[in-house]
Every structure is written in C-alpha cells, then in structure tokens.
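Here is a short note on charge pairing and internal space. Please read it alongside the coordinates.

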Amino acid sequence: MTQTATGKATIACPSCGKLNRVDLSRAADRPRCGVCRTPIALDHPLPLTDASFDRVVADSPVPVVVDFYADWCGPCKMMAPVLDKVAGERAGGVLFAKVDTDRNPGVAQRFGIASIPTLIAFRGGREVARRMGALPKSQLEALVDQALAARG
C-alpha cells in the first residue's frame with residue numbers, strides 16, 4: 001500500500017553524505033544526489049549518522065522509522081529484509097532510515113538504545129512509537145500505522 005506524500009524531505013546521500021531536498025511525490029523517479037549524482041533510493045532504509053540524524057528526522061513531512069542496528073547483530077540481520085520490504089511498499093509516504101549504533105554512538109546514547117535492533121518512529125521530529133527486537137512484517141506495519149496516525 002503505497003501512499004505518496006507531498007512535500008520535500010531532507011535526505012542524506014548514501015554515498016557522499018551531503019544533504020539533499022527530495023520531493024516525496026516523485027519518489028518513484030529515483031532522485032539523485034545534487035553533488036555526486038548517486039541515486040537516492042527511497043524504497044530502502046537510508047543510512048543516517050550522528051551528523052545527519054536531527055536534520056533528516058526534523059525536516060521530514062512524513063513519519064520517519066529509524067532502525068538502530070549493528071552489523072554484527074543476528075536479529076538485526078533478520079530484520080533487514082522485512083524493513084526493505086515495508087520500505088518498498090511505503091516509499092514516498094514514510095521514510096525508513098537506519099543508524100549503525102557502533103559508528104554513531106551519539107544518537108544511540110541520546111535515545112537510550114540499550115538493545116538492538118530498536119525501531120523508533122518519529123513524526124514532526126519527535127518520537128511517537130518504539131519497539132525493540134526483530135519484528136515480523138505485521139508488527140512493523142502496525143508501528144508505521146501508529147506513526148502515521150500520530151500528530152506531528
């Protein structure tokens with residue numbers, strides 16, 4: 001169920017890290033980074049860093065679901081294809097992002113991430129829902145729906 005939103009979101013380029021303003025109504029057009037021209041795939045979780053997190057989450061006109069993970073984490077690896085699937089189905093209506101807690105301890109500490117994976121949904125820059133552990137698709141979709149219903 002793809003719901004495309006209107007408005008522009010600030011997205012960090014997965015290649016060079018530069019911030020780009022992306023029109024969410026054109027998510028299917030595969031926008032490119034204005035600096036390095038790398039495609040910005042909105043149908044997969046976007047990597048966030050300590051430096052880009054606040055801007056991306058605060059500027060989004062749609063909910064942002066963030067997966068706090070680590071490369072070595074087994075449950076995180078199990079969660080990745082589920083996130084990819086739901087991100088593809090909801091592209092343009094919800095942003096999915098991921099934060100590597102080993103490489104970005106500042107954001108992880110700020111949100112009290114004590115176990116991974118932890119998924120936090122943000123709306124209007126503030127946390128509206130949180131789930132810990134690997135979730136089945138139905139529970140991830142429920143988290144997304146909760147974020148969509150929240151006031152930003």
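**Salt bridges and cavity**

1. Start with Asp100 and Arg103. Their side chains form a salt bridge, with 2.7 Å from N to O. The model is predicted, so local features are taken only where pLDDT is at least 70, and side-chain atom pairs only at pLDDT 80 or more.

2. Is each partner in this pair buried or exposed? Asp100 has a relative accessible area of 5% and is buried, because the cut-off for buried is under 20%. Arg103 stands at 60% and counts as exposed, because that class begins over 50%.

3. Shared partners matter for the bookkeeping. Lys85, Glu89, Lys137 and Glu141 are joined into one network by salt bridges with partners in common. The count of salt bridges in the model comes to 12.

4. One pair in that group deserves its own entry. Glu89 and Lys137 make a salt bridge, and their closest N and O atoms are 3.2 Å apart. Glu89 belongs to helix H2 (residues 74-89). Lys137 belongs to helix H4 (residues 137-149). The two residues are 48 apart, so the pair links distant parts of the chain. Lys137 is partly exposed, at 29% relative accessibility.

5. Next, Arg90 and Asp145. Their side chains meet in a salt bridge at 3.1 Å, N to O. Arg90 sits in the loop between H2 and strand E5 (95-100), while Asp145 sits in helix H4, so the bridge ties together parts that are 55 residues apart in sequence.

6. How accessible are Arg90 and Asp145? Arg90 is at 7% relative accessibility and counts as buried. Asp145 is at 39% and counts as partly exposed, because this value falls between the 20% and 50% cut-offs.

7. Now the internal space. How many cavities of 30 Å³ or more does the structure hold? The structure has one. The volume of the largest cavity is about 40 Å³.

8. Which residues line the largest cavity? The lining is made of Ile11, Ala12, Leu46, Pro47, Leu48, Val56, Val64, Leu95, Phe96 and Ala97. Strand E1 (8-12), strand E3 (46-48) and E5 are the elements that each give two or more residues to this lining.

9. What is the lining of the largest cavity by class? The lining has 10 nonpolar residues, no polar residues and no charged residues.

Note on methods:
Residues are numbered from 1 along each chain as its sequence is written. Side-chain values use heavy atoms; hydrogens and water are left out. A salt bridge is a side-chain nitrogen of Lys or Arg within 4 Å of a carboxyl oxygen of Asp or Glu. Helices (H or I, at least four residues) and strands (E, at least two) are DSSP runs, numbered from the N terminus. Buried means under 20% relative accessible area, exposed over 50%, partly exposed in between (1.4 Å probe, protein chains only). On a 1 Å grid over the protein atoms alone, a cavity is a set of points where a 1.4 Å probe fits but cannot get out, and a pocket is an open set with protein on both sides within 12 Å along at least five of seven lines; lining residues have an atom within 4 Å of a point. Grid points are joined across faces, edges and corners, and a volume is the space filled by probe spheres set on the points. Ala, Val, Leu, Ile, Met, Phe, Trp, Tyr, Cys and Pro count as nonpolar, Asp, Glu, Lys and Arg as charged, and the others, Gly among them, as polar.
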